[in-house]
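Q: I am new to this structure and would like a close look at one part of it, rather than a tour of the whole. Please choose a single helix, follow its side chains, and explain each term when it first comes up.

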Amino acid sequence: MNIQIFGTKKSADTRKAERFFKERGIKYQYIDLKEKGLSKGEFASVKQAVGGIDKLIDENSKDKNTLLLIKYIAEEDKEEKILENQQVLVQPIVRNGKKTTVGYQPDVWKSWD
């Protein structure tokens, strides 16, 4: 397994995901969305794996201004705005090769063995 966890230290679900993999002795790579974030290519593959951009947006994000902007700007500009403001993404984003989940989904991760 080649697990990558994208999230922030403030996200409770990201911390729970890290604990899930630690408890099972599964090595993972943590990527802080505030420091590095998803590249364009990673974002595209995550978007495709989860079924579209709408499943990646966290409607409960504290950044309400960016959420509103993303909601109302042209489709072709949404991706760029999300990449600039990755704090609006659902956390954690967990990748294992081509498989990807958003949010805390231990039942799915258990099936990855």
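A: Helices here are DSSP runs (H or I, at least four residues), numbered from the N terminus. The part to follow is helix 4, which spans 75–84. The model is predicted, so local features need pLDDT of at least 70 and side-chain atom pairs count only at pLDDT 80 or more, while totals for chains, interfaces and linings use all residues. Residues are numbered from 1 along each chain as its sequence is written, and side-chain values use heavy atoms, with hydrogens and water left out.

Let us begin at the start of the helix, where the side chains of glutamate 75 and lysine 78 form a salt bridge, with 3.0 Å from N to O; the term stands for a side-chain nitrogen of Lys or Arg within 4 Å of a carboxyl oxygen of Asp or Glu. These two partners are three residues apart in helix 4, which is about one turn of the helix. Their surroundings can be described by relative accessible area (buried under 20%, exposed over 50%, partly exposed in between, with a 1.4 Å probe and protein chains only). Glutamate 75 counts as exposed because its relative accessibility is 56%, whereas lysine 78, at 10%, counts as buried.

Further along, lysine 81 and glutamate 84 are joined by a salt bridge of 3.3 Å, again taken from N to O. This pair, too, lies in helix 4 with a spacing of three residues, or about one turn. Lysine 81 has a relative accessibility of 23% and therefore counts as partly exposed, while glutamate 84, at 51%, counts as exposed.

A search of the whole structure finds seven salt bridges, so far as the wider setting goes. One of these lies between glutamate 23 and arginine 24, whose closest N and O atoms are 3.8 Å apart. Glutamate 23 is exposed at 58%, and arginine 24 is partly exposed at 41%.

Lysine 78 leads on to another feature, since it appears together with Ile82 in the lining of the second largest pocket. A pocket is an open set of points on a 1 Å grid over the protein atoms alone, where a 1.4 Å probe fits and protein lies on both sides within 12 Å along at least five of seven lines; lining residues have an atom within 4 Å of a point. The second largest pocket holds about 160 Å³, a volume being the space filled by probe spheres set on the grid points, which are joined across faces, edges and corners.

Helix 4 and helix 3 (64–72) are the elements that each give two or more residues to this lining, and helix 3 gives the most, with four residues. Among the other lining residues are Ile53, Asp54, Ile57 and Glu59. By class, the lining has six nonpolar, no polar and four charged residues, where Ala, Val, Leu, Ile, Met, Phe, Trp, Tyr, Cys and Pro count as nonpolar, Asp, Glu, Lys and Arg as charged, and the others, Gly among them, as polar.

The largest pocket offers a useful contrast, with a volume of about 390 Å³. Of the 15 residues in its lining, Thr8, Ser11, Lys62, Gln87 and Gln91 are the closest to its centre. Its lining has three nonpolar, six polar and six charged residues.
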